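The report below describes a few regions of a single protein chain, moving from one element of secondary structure to the next. It is meant to be read with the sequence and the structure side by side.

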Amino acid sequence: MLLDELEVVEGRPASREQIERCHSAAYLDRLETLAVPTLLDLDTVATESSYDAVLLAAGCTLGAVDRGGFALVRPPGHHALTERAMGFCLVNNAAVAARYAQAELGLGRVAIFDWDVHHGNGTQDIFWDDDTVLYVSMHQWPYYPGTGGPGEENETTVNVPLPAGCGDEEYLSAFDERVAPALQAFEPDLLLVSAGFDAHVDDPLAGMRVTAPGFRELGRRCRVLAPRLAAVLEGGYEPRTLPVLVRYALEGLSE
Ligand SMILES: [Zn+2]
């Protein structure tokens with residue numbers, strides 16, 4: 001797909017039932033009934049409009065699965081746990097999309113590859129005991145949220161912690177050595193990419209040095225690893241470069 005031919009489609013909200021596959025009713029009730037801006041976590045604020053925002057963000061991610069697209073959404077999702085918000089994340093968009101693919105599209109095996117600079121502790125937690133969903137994460141470690149260190153894995157959870165300062169070369173060789181073999185062995189029907197861009201060299205939050213062409217190459221290497229592919233935006237905190245990085249990644253992820 002050429003970039004100037006990209007089709008932009010507005011998403012529809014997910015249903016409560018679709019989100020409850022990953023989150024408790026009590027937690028969603030709390031989000032739905034917030035009347036004033038509320039600190040749900042040390043760094044996660046939600047307001048009276050957040051519930052509508054999370055329905056839309058999750059719904060866009062389901063739409064991306066349907067179309068083989070990239071869900072450009074806020075808030076992000078990969079730190080969100082079943083019962084609570086964390087790290088700017090309220091609802092785990094990638095997890096809701098994985099369950100949707102299984103329950104409504106009949107896809108058996110779903111892989112989630114998370115290249116956000118932070119470990120996706122929420123996604124890992126939701127699928128820890130589920131061998132139908134593979135979670136693979138590359139992230140800076142030790143770093144927020146503290147999970148995903150060496151040896152923290154099981155048959156369908158693969159963590160690739162990387163020291164601060166890694167750039168394209170380290171990311172691509174770690175991808176080839178750890179990520180690609182895990183994905184190939186799992187043989188997913190769908191690959192969901194939790195695409196954060198906070199490993200970029202200019203991102204203010206973390207200490208990695210990935211470049212725009214590096215994200216394009218990561219996308220390109222993901223493309224061949226499953227018959228169906230979709231992506232969802234996670235972190236990325238440099239507003240001037242984020243749109244450029246999304247375009248580069250899209251170029252790699254697209255045919
Ligand atoms: Zn992040």
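## Helices, a central strand and selected residues

Just after helix H4, Gly106 takes a positive phi of about 70°, a value that, like everything reported here, comes from a predicted model. The helix that precedes this glycine, H4 (93-105), is mostly covered, since 10 of its 13 residues are buried. The buried residues of H4 are Asn93, Ala94, Ala95, Val96, Ala97, Ala98, Arg99, Tyr100, Ala101 and Gln102.

The loop between strand S3 and H4 holds His78. With a relative accessibility of 2%, His78 falls under the 20% limit and therefore counts as buried. Once its neighbours within four places in sequence are set aside, His78 is in contact with Cys89, Asn92, Asp114, Asp116, His118, His119, Gly120, Asn121, Gly122, Thr123, Ser194 and Glu234. One of these partners, Cys89, is 11 residues away from His78 in sequence, and the two C-alpha atoms are 6.7 Å apart in space.

Which strands pair with S8, and in what sense? Strand S3 (residues 70-71) pairs with S8 in the parallel sense over two bridges, and strand S7 (residues 190-195) also pairs with S8 in the parallel sense, over five bridges. Val232 of S8 takes part on both sides, as the bridge partner of Ala71 and as the residue that Ser194 stands opposite. Five of the five residues of S8 (residues 229-233) are buried, so this strand is largely enclosed by the rest of the structure. In a regular strand the side chains alternate between the two faces of the sheet. In S8, Leu229, Ala231 and Leu233 point one way, whereas Ala230 and Val232 point the other way, and all are buried.

Turning to the helices H6 and H7, two packed helices are described by the angle between their axes and the distance between the axes. The axes of H6 (residues 168-186) and H7 (residues 212-223) come within 10 Å and cross at roughly 10°. Angles under 35 degrees count as roughly parallel, and H6 and H7 are therefore roughly parallel to each other. On the H6 side the contact is made by Asp168, Tyr171, Leu172, Phe175 and Asp176, and on the H7 side by Gly214, Glu217, Leu218, Arg221 and Cys222. Sorted by class, the contact of H6 with H7 has five nonpolar, one polar and four charged residues.

Glu217, which lies in H7, is buried, with a relative accessible area of 17%. The side chain of Glu217 makes a polar contact with the side chain of Arg220 at 2.7 Å. Glu217 and Met86, by contrast, are 131 residues apart in sequence and 30 Å apart in space, C-alpha to C-alpha.

A further residue to examine is Gln140, placed in strand S5 (residues 133-140). A polar atom of the Gln140 side chain lies 2.9 Å from the backbone nitrogen of Gly207. Apart from neighbours within four places in sequence, Gln140 is in contact with Val117, Leu162, Ala164, Ala206, Gly207 and Met208.

The relative accessible areas of three buried residues are set out below.

| Residue | Relative accessible area |
|---|---|
| His78 | 2% |
| Gln140 | 7% |
| Glu217 | 17% |

Key: Residues are numbered from 1 along each chain as its sequence is written. This is a predicted model: local features need pLDDT of at least 70, side-chain atom pairs count only at pLDDT 80 or more; totals for chains, interfaces and linings use all residues. Side-chain values use heavy atoms; hydrogens and water are left out. Axes are lines fitted to C-alpha atoms, for helices over the stretch in contact, and angles run from 0 to 180 degrees between N-to-C directions. Helices (H or I, at least four residues) and strands (E, at least two) are DSSP runs, numbered from the N terminus. Angles under 35 degrees count as roughly parallel, over 145 as roughly antiparallel, 65 to 115 as roughly perpendicular and the rest as oblique. Contact means heavy atoms within 4.5 Å. Ala, Val, Leu, Ile, Met, Phe, Trp, Tyr, Cys and Pro count as nonpolar, Asp, Glu, Lys and Arg as charged, and the others, Gly among them, as polar. Buried means under 20% relative accessible area, exposed over 50%, partly exposed in between (1.4 Å probe, protein chains only). A polar contact is a pair of N or O atoms within 3.5 Å; within protein, one must be able to donate a hydrogen and the other to accept it, and residues adjacent in sequence count only if both atoms are side-chain atoms. Two strands pair if DSSP finds at least two bridges between them.
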